[in-house]
Amino acid sequence: MTPSASLLLLLLLGLSQALPLQEEGGKEDEAPDIVDITTRILTSNEGSDEILLEGDLLAPRTRNAIICYTQNCFWKKNSSGLVTVPFTVSREFTRSEKQVIVNALQGFHSKTCIRFVPRNNEIDYISVENKVGCYSYFGKVGGRQMVSLQRQSCVYYGIIQHEFKHALGFRHEHTRSDRDDYVKINWANIDPQMAYNFDKQVTNNQNTPYDYTSIIQSLSYWDITRINKLYSYYKLSSL
Ligand SMILES: [Zn+2]
């Protein structure tokens with residue numbers, strides 16, 4: 001992505017909400033960081049060679065679009081009603097970086113039915129790796145699936161939660177099917193080559209409103225509601 005294209009994407013993603021966020025868990029040896037999640041993600045991803053949709057979603061290997069018609073793209077609920085998601089963290093991360101990652105994942109535990117657990121021998125799991133940029137697949141892909149958290153730029157509480165939300169099956173607010181009811185996309189300002197990043201998608205909005213805070217808040221009220229709704233629904237329909 002060229003700097004100008006990503007700047008445009010950044011401006012449009014930010015809309016009027018590009019407010020700085022007080023990070024809850026920066027690297028241990030640094031002072032708490034004032035960071036805008038979207039800015040940091042897109043800046044980090046400028047160096048990536050991956051094909052990234054909407055700025056930070058890896059194009060799927062097995063599906064021809066970032067879309068999910070079946071329950072296969074969601075993680076399974078166990079008999080206790082919790083959704084366990086096994087993960088590993090690359091040894092390239094330092095102990096304190098790993099701690100930031102684990103803290104961010106544990107942030108889901110108190111508010112949602114998701115439980116990130118260290119992988120034993122599960123086939124489907126998330127592998128946190130130190131590649132160029134911060135990005136993730138959409139939903140469960142099957143087998144080992146990478147979440148990239150570049151050590152120098154992505155190991156922040158809010159960014160980690162943002163990328164893991166994608167891996168749980170959530171996309172960006174600005175591409176949801178009813179976004180035109182809430183925001184205006186300034187197409188004239190978008191490089192035609194980048195316009196696909198703003199295509200509306202078939203999304204399950206779960207009777208929840210457009211979440212303007214999703215850009216600046218890592219795990220918003222509506223995120224929590226949707227995670228629990230989505231996975232409760234699958235409990236009822238699939239088990
Ligand atoms: Zn994203």
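Which protein donors hold positions 2.0 to 2.4 Å from the zinc ion? The views below take this up in a predicted model, where local features need pLDDT of at least 70, side-chain atom pairs count only at pLDDT 80 or more, and totals for chains, interfaces and linings use all residues. Residues are numbered from 1 along each chain as its sequence is written, and side-chain values use heavy atoms, with hydrogens and water left out.

**View 1. The zinc ion and its donors.** The answer is D56, listed with two OD entries, plus H162, H166 and H172, each through NE2. (Donors are N, O and S atoms within 2.8 Å of the metal, or 3.2 Å for Na, K and Ca; water is not among the atoms, so sites may look incomplete.) Along the chain, the spacing reads D-x105-H-x3-H-x5-H. D56 sits in the loop between β3 (52–53) and β4 (57–58) and H166 in helix α4 (residues 157–168), so this pair links parts 110 residues apart in sequence. (Helices, H or I of at least four residues, and strands, E of at least two, are DSSP runs numbered from the N terminus.)

**View 2. A look at H162.** Helix α4 is home to H162, which is buried at 12% relative accessible area. (Buried means under 20%, exposed over 50%, partly exposed in between, with a 1.4 Å probe and protein chains only.) Skipping neighbours within four places in sequence, H162 contacts I37, I41, D56 and H172; contact means heavy atoms within 4.5 Å.

**View 3. A look at H172.** H172 belongs to the loop between α4 and α5 (221–238) and is buried too, at 11%. Not counting residues up to four places away in sequence, H172 touches E54, D56, L57, H162 and H166.
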